[in-house]
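User: I am new to this structure and would like a close look at one part of it, the sheets and what surrounds them. Please take me through it step by step, explaining the terms as you go.

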Amino acid sequence: MAEFWKDCAPLQEELIAIRRALHRIPELGEHLPETQAYIMETLARWGIPHHPAKRDSAVVGEFSGGKPGKTILLRADVDALPITEETGLPFASRHKGIMHACGHDGHGTMLLGALKVLFDHRAELCGNVRFLFQTSEESGNGAQNAIAEGILDRVDGVFGCHIGSILGPTIPSGTIVATEGCCMAAADRFVITVRGKGCHGSTPEKGIDPVSVAAHIVIALQELISREVAAPQAAVVTVGRITGGNAYNVIPDTVELEGTVRAIDKGVRDYVVERIPQIAAGEAALFRAQAETQIFPFAAPVISDAPSAELVARAAERVVGKEHVMTRLPAPNMGAEDFAYYLEQRPGCYFFVSAANPEKGTCVPHHNARFDIDEDVLWKGSAVFVELTREFLLS
Ligand code: NI
């Protein structure tokens with residue numbers, strides 16, 4: 001039976017239990033011991049070969065089909081966020097101040113479900129299924145760790161997805177979105193240290209006020225977007241943190257600004273990242289201060305190639321029906337994903353599984369303390385993984 005993706009639907013109750021179990025134990029960054037143990041226990045229960053990664057708490061594994069062929073990599077990120085959950089759900093986080101507020105509990109669940117079905121039907125596959133439960137997507141080392149350990153060796157294509165309301169609350173739950181080209185932005189973090197000269201607040205002429213300079217820099221950075229980046233090119237500069245000073249009437253020596261850059265186009269990304277230190281230094285010089293900028297690259301744009309995106313869309317159409325598949329987005333999402341690192345090196349597709357259901361209150365934005373997903377979509381995500389894998393390993 002080639003339509004073994006249909007075996008995912010009867011798993012739904014079990015998938016909900018898995019998702020809730022993962023939801024209770026959210027962990028941060030590269031060290032996810034409870035999550036790792038839970039995933040390994042589940043794989044072991046199903047007899048699926050796997051092992052822990054060396055550099056972090058990732059779980060990897062591979063099994064072969066009945067005939068030789070290509071190797072596909074399926075990836076789910078399973079880390080959480082430093083947010084205190086306010087959903088009031090019976091299976092809410094047991095870890096204080098940490099929450100699965102981006103749906104990565106759903107990612108782990110959907111991949112587990114897919115692996116169970118693929119492993120049961122491995123004799124019908126041509127090639128190898130490799131899988132990765134990745135750490136630290138939110139803080140940005142997970143993909144690089146996995147690549148450094150050789151996760152892409154001999155891999156012909158890589159596939160992953162995001163669940164939730166990430167593309168907006170208006171895309172109905174159960175919709176699969178697989179688009180060719182860029183679907184998520186490049187992201188970089190920057191830290192600007194403004195050095196002035198501290199003095200009493202009553203005599204600013206005796207010092208150099210880095211607070212005032214920092215304010216000028218924040219405003220000037222927006223001119224970069226409005227005056228130097230072409231209007232049709234999507235780019236964002238956000239300063240999310242300003243730190244400096246300890247007393248209301250004292251001018252401090254330094255102020256630190258921290259923010260993020262998002263861009264769809266690589267050239268625009270490079271341009272903005274190059275201009276931030278120039279603008280900061282120029283504004284600072286204007287007012288006799290100094291500004292030093294550090295740039296921390298997070299990820300390139302997430303770019304799916306056309307054949308891989310078409311393959312996912314075809315698989316999704318068989319699972320959820322053509323009317324529930326979108327192959328075009330009005331605009332890319334300005335969020336970022338370290339899945340970009342895999343797609344820089346291998347063909348593949350990053351797709352979306354909408355879980356935004358107004359009746360269930362799951363349209364809350366990601367990274368929000370009341371974020372939740374419509375669990376009805378879990379088996380569908382698994383089934384899309386199964387079906388795209390089957391087709392990929394045929395061709
Ligand atoms: Ni996420």
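Analyst:

**The sheets and the spaces beside them**

An open sheet of 8 strands follows the order 1-2-4-3-5-16-6-15, with mixed pairing; here strands are DSSP runs of E with at least two residues, helices are runs of H or I with at least four residues, both numbered from the N terminus, and two strands pair if DSSP finds at least two bridges between them. At the edges stand strand 1 (51-52) and strand 15 (325-326), and because each has a single partner strand, one side of each is left without a neighbour in the sheet. This is a predicted model, in which local features need pLDDT of at least 70 and side-chain atom pairs count only at pLDDT 80 or more, while totals for chains, interfaces and linings use all residues. Residues are numbered from 1 along each chain as its sequence is written, and side-chain values use heavy atoms, with hydrogens and water left out.

Within this sheet, strand 6 (residues 176-177) pairs with strand 16 (residues 348-354) in the antiparallel sense over 2 bridges, and Val-177 has Phe-352 of strand 16 as its bridge partner. Helix 3 (residues 104-120) lies across strand 2 (59-64), strand 3 (67-77), strand 4 (126-134), strand 5 (157-164) and strand 16, and runs at about 155° to strand 4; contact means heavy atoms within 4.5 Å, and angles, from 0 to 180 degrees, are taken between N-to-C directions of axes fitted to C-alpha atoms, for helices over the stretch in contact. Helix 7 (residues 306-320) lies across strand 5, strand 6, strand 15 and strand 16, running at about 35° to strand 16.

Val-177 and Phe-352 also appear in the lining of the largest cavity, together with residues including His-162, Gly-164 and Ser-354. A search of the whole structure finds 1 cavity of 30 Å³ or more, and about 50 Å³ of space lies in the largest cavity. On a 1 Å grid over the protein atoms alone, a cavity is a set of points where a 1.4 Å probe fits but cannot get out, a pocket is an open set with protein on both sides within 12 Å along at least five of seven lines, and lining residues have an atom within 4 Å of a point; points are joined across faces, edges and corners, and a volume is the space filled by probe spheres set on them. Strand 16 gives the most to the lining of the largest cavity, with 3 residues.

A second part of the picture is an open sheet of 4 strands, in the order 10-12-8-13 with antiparallel pairing. Its edge strands are strand 10 and strand 13, each pairing on one side only, and the twist averages 20° from one strand to the next. Strand 8 and strand 13 pair over 9 bridges in the antiparallel sense, and Val-191 has Gln-294 of strand 13 as its bridge partner. Helix 5 (residues 210-228) lies across strand 8, strand 10, strand 12 and strand 13, at about 170° to strand 10.

The largest pocket holds about 670 Å³ of space and is lined by 30 residues, of which Glu-138, Arg-262, Phe-298, Ala-336 and His-367 lie nearest its centre. Strand 12 gives the most to the lining of this largest pocket, with 4 residues.
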